[in-house]
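User: Could you take a close look at one helix-helix packing in this model for me? I'd like the contact itself, and then how the rest of the chain sits around it.

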Amino acid sequence: MDWFPLFNSLRIALIATVIVFFLGIFAAHFVARLPRVLKGILDVILTLPLVLPPTVVGYLLLRLLGPKRPIGMLVSAWFDWKLTMTWQSAVIATAVVIFPLLYRTARGAFESFDETLADAARTLGKSNTYIFWRIRIPCCRQGILAGSVLAFARALGEYGATSMIAGYTPGRTATISTTVYQLWRTNDDALAFRWVLVNLGISFVVLLLMNLLARKQRQGTSRRA
């Protein structure tokens with residue numbers, strides 16, 4: 001049994017989750033402070049990948065990053081990198097798909113933050129950077145961590161967008177999801193079922209961790225109350 005799809009899936013999911021962790025936090029913090037109308041417009045744009053079919057997201061990425069498209073041609077000419085049919089392109093597609101999950105969770109955590117804590121810190125001469133990293137983020141950490149775990153779980157199961165932009169190449173771009181599909185197409189049900197069990201096991205552990213984080217958050221809220 002070739003374990004590359006597991007390694008590649010974990011690699012893609014971890015890198016994509018780290019990327020959206022920072023992008024999602026900063027986007028959520030920025031949007032949460034905007035006026036209502038502008039917040040609504042940006043929220044729709046940033047959440048759009050959550051409601052679009054993953055294949056549509058993959059198609060749009062191909063239109064943007066394909067080798068004959070302006071962005072793809074520029075990156076290829078300047079850096080000699082391909083933005084499609086590589087495992088790195090799967091990271092891009094996965095990050096786009098999972099971004100709304102972390103963004104919306106982080107935004108909800110920031111909007112529930114008690115701003116009097118930030119005001120008190122400002123009266124003590126603390127900078128906005130200090131307040132963000134040492135006060136706001138620690139107070140919102142449970143929501144952010146829950147969003148990160150959910151995004152990672154979604155990244156592990158991503159198929160539609162990654163199959164469009166990265167394809168399926170054994171030993172290069174194969175993931176658990178694309179491997180299951182290819183094995184099913186070739187009537188290798190026994191091996192496909194093994195990979196399904198692997199995916200189920202990982203998903204169970206991730207969701208268990210998410211439930212533990214949620215339970216810890218409820219306990220912390222009840223103690224503060």
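Analyst: Here is the packing of helix 1 against helix 8, followed by a few other spots and the chain as a whole.

A word on the ground rules. This is a predicted model, where local features need pLDDT of at least 70, side-chain atom pairs count only at pLDDT 80 or more, and totals for chains, interfaces and linings use all residues. Numbering starts from 1 along each chain as its sequence is written, and side-chain values use heavy atoms, with hydrogens and water left out.

Two packed helices are described by the angle between their axes and the distance between the axes. For helix 1 (residues 4-32) and helix 8 (residues 141-156), the axes come within 9 Å and cross at roughly 145 degrees. Axes here are lines fitted to C-alpha atoms, for helices over the stretch in contact, with angles running from 0 to 180 degrees between N-to-C directions. The helices themselves are DSSP runs (H or I, at least four residues; strands are E, at least two), numbered from the N terminus.

Who does the touching? On the helix 1 side, the contact (heavy atoms within 4.5 Å) is made by S9, L10, A13, L14, T17, F21 and I25. Helix 8 answers with I144, S148, A151, F152, A155 and L156. By class, that comes to 10 nonpolar, 3 polar and no charged residues. Nonpolar covers Ala, Val, Leu, Ile, Met, Phe, Trp, Tyr, Cys and Pro, charged covers Asp, Glu, Lys and Arg, and the others, Gly among them, are polar.

For a charged residue, look at D43 in helix 2 (residues 36-51). D43 is buried, at a relative accessible area of 13%; buried means under 20%, exposed over 50%, and partly exposed in between (1.4 Å probe, protein chains only). Leaving aside residues up to four places away in sequence, D43 touches Y103, R104 and R107. With R104 there is also a side-chain polar contact of 3.0 Å, that is, a pair of N or O atoms within 3.5 Å; within protein, one must be able to donate a hydrogen and the other to accept it, and residues adjacent in sequence count only if both atoms are side-chain atoms.

Further along, helix 10 (residues 176-185) has I176, S177, T178, T179, Q182 and L183 buried. After helix 10 comes N187, with a positive phi near 65 degrees.

Zooming out, the protein chain has 11 helices and 0 strands, and buried residues make up 40% of its 225 residues.
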